[in-house]
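Colleague: Before I go back to the bench, could we talk through the aromatic rings and one of the pockets in this predicted model?

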Amino acid sequence: MSSANNLEKINAYIGRMPSLPVTVTKVLEICNNPKTSPTDLNRIISLDPVLMGRVLKLINSAYYGLGQQVTSLVRAIIMLGINTVKNLALSTAVVDNLSDRAAFQAINMDGFWRHSLCVGVTSRMVAKKRGVDQRSVEEYFAAGLLHDLGKIPMNNVLSKEYVLAMSMADRERLPLYFAEKREIDTDHSEVGTIIAQSWKLDRAIVDTVNAHHAYLEYDGPYKDILYTVVLANYFANIQEIGFSGDRYPERIDPSVYQFLGLTRDIFEEIESGVTAEIENARIFLKTN
Ligand SMILES: [Fe+2]
């Protein structure tokens with residue numbers, strides 16, 4: 001099949017993908033305004049009982065260990081911070097939108113989400129260790145969770161070609177994006193970027209989706225998030241937590257460790273905590 005045809009099919013599929021729920025789009029929009037207050041956010045979230053339930057569930061989860069029940073939404077928003085609530089709304093909406101089991105043809109859905117969750121929680125853990133501001137760590141989680149977004153339409157619409165790309169990667173010990181490019185003439189970074197842009201996601205996420213396999217050429221403002229996700233992705237792949245189709249991922253460039261001010265010891269430091277964090281996030285996002 002011609003590559004133009006492949007791209008057309010992918011684009012048509014993306015066009016048919018459900019957009020994010022109106023409340024979530026509204027949440028993203030108002031949270032990007034620095035003048036937004038918890039009361040403004042409260043007004044919008046109150047319109048969506050499911051999202052409201054999730055925010056309250058998060059603040060009352062073991063993760064925050066408050067020991068006393070928070071029942072007021074505005075109080076929960078104040079305690080969690082606007083950024084955390086925003087990224088929670090975004091992550092749950094994306095996972096809800098993209099968890100149609102039938103859509104996962106070449107890559108198994110549970111393996112894919114487990115990989116994605118691992119990259120999300122690892123990114124957040126690394127960010128915390130490096131002393132990134134508490135209000136920003138959720139951005140790292142969301143970028144990590146969504147970095148491989150583009151694999152979903154590809155393995156759905158072009159499942160035969162995707163299986164071929166995966167076996168080429170296996171046979172020739174290539175990173176998957178490389179084999180995708182050869183077999184399908186596009187890769188999951190490009191496809192993911194189209195989705196992230198059409199959903200108007202934050203630039204940090206768009207850039208991470210777009211550049212996570214070409215990070216050395218990246219010179220935008222979100223290098224810290226991008227490099228953290230690159231590191232976390234490598235960790236998930238070598239530890240074989242979940243499966244994203246990549247058996248032979250590229251080694252990461254030493255400049256990644258350098259830029260983040262870390263050594264490989266970081267993997268040992270976070271290793272024992274990752275599984276529990278994935279479990280928390282999984283229950284929370286209901287990935288199965
Ligand atoms: Fe990737």
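**Rings and a pocket**

Modeller: Let me begin with a charge and a ring, since arginine 124 lies over the face of phenylalanine 141, at 4.5 Å from the ring centre.

Colleague: How is the aromatic pair of phenylalanine 104 and phenylalanine 112 classed?

Modeller: The structure holds eight aromatic pairs. In the one formed by phenylalanine 104 and phenylalanine 112, the rings are 5.7 Å apart centre to centre, with 50° between the planes. Planes under 30 degrees apart would count as stacked and those over 60 as edge-to-face, so the class for this pair is tilted.

Colleague: How many residues apart in sequence are the parts that tyrosine 227 and phenylalanine 259 tie together?

Modeller: These two rings form an edge-to-face pair, at 5.1 Å centre to centre and 65° between the planes. Tyrosine 227 belongs to helix 14 and phenylalanine 259 to helix 15 (residues 254–260), so the parts tied together by the pair are 32 residues apart.

Colleague: Is phenylalanine 259 buried or partly exposed?

Modeller: Its partner tyrosine 227 has 3% relative accessibility and counts as buried. Buried requires under 20% relative accessible area, and phenylalanine 259, at 35% relative accessibility, is therefore partly exposed.

Colleague: Which helix gives the most to the lining of the second largest pocket?

Modeller: That pocket has a volume of about 180 Å³, and its lining residues, among them His115, Asn237 and Arg247, divide into five nonpolar, four polar and three charged. The greatest contribution to the lining, three residues, comes from helix 14 (residues 223–238).

Technical notes: Residues numbered from 1 in each chain as written. Predicted model: local features only at pLDDT ≥ 70, side-chain atom pairs only at ≥ 80, totals over all residues. Heavy atoms only, no water. 1 Å grid on protein atoms, 1.4 Å probe; cavity = no way out; pocket = protein on both sides within 12 Å on 5 of 7 lines; lining within 4 Å. Points joined across faces, edges and corners; volume = space filled by probe spheres on them. Helix = DSSP H or I, 4+ residues; strand = E, 2+ residues; numbered from the N terminus. Nonpolar A, V, L, I, M, F, W, Y, C, P; charged D, E, K, R; others polar. Phe/Tyr/Trp six-rings, centres within 6.5 Å; stacked < 30°, edge-to-face > 60°. Buried < 20%, exposed > 50% of the residue type's maximum accessible area, 1.4 Å probe, protein only. Lys NZ or Arg CZ within 6 Å of the ring centre and 35° of its normal.
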